[in-house]
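User: I've got a structure open and would like to talk it through with you. Could you take my questions one at a time?

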Amino acid sequence: MRGSSDPIVDMWRWFSIVAGFVVAAAVGISCDQTAPVMTAQITIVGLSLLARAGGNLRKLVNERESSYKHFRHAVDHGIWSLWASDAAHQPSLFFKLTRFVHRHGIANNEALDAWMRHLRTRLQVPLHISQSACSLLFNLGMIGTVLGLTMTFTAISSGMSDTSNIAAVTASLQSALSGLSTAFMTTLAGAFFAGILVSRLNLITSRYLDEFLALLELWIRAVDFSPNPEDEQ
């Protein structure tokens, strides 16, 4: 799920996922296939969020590779050569930061720190959304758990009202087992995607982001911002 500058849009996106889950639960109950339908819904949401989290990490890796490539160009040929190269058409974060530092002065640590804080905040937006998605998956799993247990208790209560009717008791036990199946399967699906896959990928992305930002600042401070020799001539 991608972030939006409008919080109302983000809110409706979350509501659409929950509404889809509720509709799937209603369809499953009406078809007496609650467990597979709700588990499939959680699995689809989990796979979608996993793909998003993987895409966030891939974009971060590509940005680091591009920044390192531009850093090596600046070290080997000078920062002025980098700014005049084709890198200006697809500027990396390193490219943008060096231009910012050049305008405000390499000795202006406050400006650089402010820019780095802004950069960290911007890069963490997809990560925060993905972390919120883990909570959504857990909540969907808990909804399935509560619904399954409710079905179980309702079926047991109905079957125990008349124990002389063996057929009714058998049917209630089957409904109770179906409710337990729903509770366990939805809990397992939610915990598997949120607690194992998406959350672990988010943790890797967070560590990679911290390392990348630290290296980015080191690369910038290692660049020579001497005046352009052509301008001096």
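User: What does the secondary structure of the protein chain come to, in helices and strands?
Analyst: This is a predicted model, so read what follows as a description of a prediction. Along the sequence the pattern runs α-α-α-α-α-α-α. The tally for the protein chain is zero strands and seven helices.

User: How many residues does helix H2 have, and what reach would be expected for it?
Analyst: Helix H2 covers residues 34-77, which makes 44 residues. From first C-alpha to last it reaches 64 Å. That is close to what 1.5 Å a residue would give, an expected 64 Å.

User: Which residue follows H2, and what is its phi?
Analyst: Right after H2 comes Gly78. Its phi is positive, near 100 degrees.

User: How is the ring pair of Phe71 and Trp219 arranged, stacked or edge-to-face?
Analyst: A search of the whole structure turns up seven aromatic pairs, and Phe71 with Trp219 is one of them. The ring centres sit 5.4 Å apart and the planes differ by 15 degrees. Planes under 30 degrees apart count as stacked, so this pair is stacked.

User: Which helices does that pair tie together, and how far apart in sequence are the parts?
Analyst: Phe71 belongs to helix H2, while Trp219 belongs to helix H6 (residues 166-221). Both residues are buried, and Phe71 and Trp219 also join Tyr68 and Phe94 in one aromatic cluster. Since the two rings sit in H2 and H6, the pair ties together parts that are 148 residues apart in sequence.

User: Why is the pair of Trp80 and Trp83 given the class it has?
Analyst: Trp80 and Trp83 are three residues apart in helix H3 (residues 79-83), about one helical turn. Their ring centres are 5.2 Å apart, with the planes at 75 degrees. An angle over 60 degrees is the cut-off that matters here, so the pair is edge-to-face.

User: Is Trp83 buried or exposed, and which residue lies over its face?
Analyst: Trp83 has 10% relative accessibility, so with the cut-off at under 20% it counts as buried. Trp80, at 25%, is partly exposed. Over the face of Trp83, at 4.9 Å from the ring centre, lies Arg99.

User: How far apart in sequence are the parts tied together by Arg64 and Glu211?
Analyst: The count of salt bridges comes to four, and Arg64 with Glu211 makes one of them, with the closest N and O atoms 3.4 Å apart. Arg64 lies in helix H2 and Glu211 in helix H6, so the bridge ties together parts separated in sequence by 147 residues.

User: Which helices are tied together by Arg120 and Asp210?
Analyst: The side chains of these two meet in a salt bridge at 2.7 Å, N to O. Arg120 is partly exposed at 30% relative accessibility, and Asp210 is partly exposed at 35%. The partners are 90 residues apart in sequence, and the helices they tie together are H5 (residues 109-160) and H6.

User: Where do Arg221 and Glu217 lie?
Analyst: Arg221 forms a salt bridge with Glu217, the closest N and O atoms being 3.3 Å apart. They are four residues apart, about one turn, and both lie in helix H6.

User: Which residues make the nonpolar surface patch of about 430 Å²?
Analyst: One member, Met11, has its place in helix H1 (residues 7-30). Met11 counts as partly exposed at 33% relative accessibility. The patch is made by Ile8, Met11, Trp12 and Phe15.

Methods: Residues numbered from 1 in each chain as written. Predicted model: local features only at pLDDT ≥ 70, side-chain atom pairs only at ≥ 80, totals over all residues. Heavy atoms only, no water. Helix = DSSP H or I, 4+ residues; strand = E, 2+ residues; numbered from the N terminus. Expected span 1.5 Å × (residues − 1). Patch = residues over 30% accessible without salt bridge, like charges linked within 9 Å, V, L, I, M, F, W, Y side chains within 5 Å. Areas by Shrake-Rupley, 256 points an atom, 1.4 Å probe, with all protein chains shown as cover. Buried < 20%, exposed > 50% of the residue type's maximum accessible area, 1.4 Å probe, protein only. Phe/Tyr/Trp six-rings, centres within 6.5 Å; stacked < 30°, edge-to-face > 60°. Lys NZ or Arg CZ within 6 Å of the ring centre and 35° of its normal.
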